[in-house]
Amino acid sequence: MDSRSINSINIAQQCKILFKSLENGKLTKMNRPQSVTILAILQLLSAIFSLFDGLVILFFAGIFGGIGGALGGAKVGTVIGGAIALFAAISLIIGIASLILTWGLYQLKSWAWMGTLIVHAIAALAQLAKLFGTAGAGANFLILGFAVGCIYYLLRPDVKQAFAI
């Protein structure tokens, strides 16, 4: 075979692959790379830990708010409990958003890539802030590690290509 026939065969094979990937007049998304599957799993684990972290912090908000109220009065207790409850709310919101983003990542939805990057940047900053103010530093480090791991996977070239970024 000469080079012209080999090129014709390659073009024919590529056209065959292209036509096989057509569904309802649209090209289908590429197969999910293993990195994206790992990212979706990390996202799910991060969601679970964020929800757990938020519930634990919410529990402590009541305890420390009550202690602050007993020692310094109702206003002190309210400020302490409210400040701690704010961190709980952030963790719970990030956890719920992470569950939604897990599905989007697994389905290769383009909005999930940007949303995951934003959520994990916020999660990393929140976990760093909580390291200076609350107990449970082990959970904070764990969630911080997941956030940094997810950001790393998001910025990998194969993952960006899968989401057409």
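## Surface and overall make-up

The chain exposes about 10000 Å², and 72% of that comes from carbon and sulfur atoms. Keep in mind that this is a predicted model. Of the 165 residues in the chain, 30% are buried.

As for the fold, there are 6 helices and 2 strands. Reading from the N terminus, the order of elements is α-β-β-α-α-α-α-α. Sequence-distant pairs do much of the touching: take the contacts between residues at least 6 apart in sequence, and 71% of them join residues at least 24 apart.

## Helix 2 and the greasy patch

Helix 2 covers residues 34–72. How do its 39 residues compare with the span they should have? At 1.5 Å a residue they should span 57 Å, and the end C-alpha atoms sit 54 Å apart, so the two values agree. Right after helix 2 comes Gly 73, with a positive phi near 105°.

There is also a nonpolar surface patch of about 720 Å², built from Phe 59, Phe 60, Ile 63, Phe 64, Ile 67, Leu 71, Val 76 and Ile 80. Helix 2 and helix 3 each put in at least two residues, with helix 2 giving the most, at 6. One of the patch members, Ile 63, belongs to helix 2. Its relative accessible area is 34%, so Ile 63 rates as partly exposed, and that puts it past the 30% a residue has to exceed to join a patch. On helices in general, there are 3.6 residues a turn, so residues three or four places apart point the same way.

## A buried serine in helix 2

Helix 2 is also home to Ser 46. Is Ser 46 buried or exposed? With 2% relative accessibility, Ser 46 is buried, since the cut-off for that class is under 20%.

Which residues does Ser 46 touch, leaving aside neighbours within four places in sequence? Those contacts are His 120 and Phe 146. The C-alpha atom of Ser 46 is also 9.5 Å from that of Ala 123, although the two residues are 77 apart along the chain.

## Two positive phi values outside glycine

Most residues other than glycine have a negative phi. Leu 108 goes the other way, with a positive phi of about 60°. You'll find Leu 108 in the loop between helix 3 (74–106) and helix 4 (110–131). Despite the loop setting, its relative accessibility is 4%, so Leu 108 counts as buried.

Ala 164 also has a positive phi, near 55°, and is not a glycine. Ala 164 sits in the segment after helix 6 (157–162). Here the relative accessible area is 70%, so Ala 164 is exposed.

## The salt bridge

How many salt bridges does the structure hold? There is 1. Side chains of opposite charge can pair when their charged atoms come close. In this case the partners are Asp 158 and Arg 156, at 3.4 Å from N to O, which is inside the 4 Å cut-off.

Neither partner is buried: Asp 158 is partly exposed at 24% relative accessibility, and Arg 156 is partly exposed at 27%.

Key: Residues numbered from 1 in each chain as written. Predicted model: local features only at pLDDT ≥ 70, side-chain atom pairs only at ≥ 80, totals over all residues. Heavy atoms only, no water. Helix = DSSP H or I, 4+ residues; strand = E, 2+ residues; numbered from the N terminus. Buried < 20%, exposed > 50% of the residue type's maximum accessible area, 1.4 Å probe, protein only. Contact = heavy atoms within 4.5 Å. Areas by Shrake-Rupley, 256 points an atom, 1.4 Å probe, with all protein chains shown as cover. Patch = residues over 30% accessible without salt bridge, like charges linked within 9 Å, V, L, I, M, F, W, Y side chains within 5 Å. Salt bridge = Lys/Arg side-chain N within 4 Å of Asp/Glu carboxyl O. Expected span 1.5 Å × (residues − 1).
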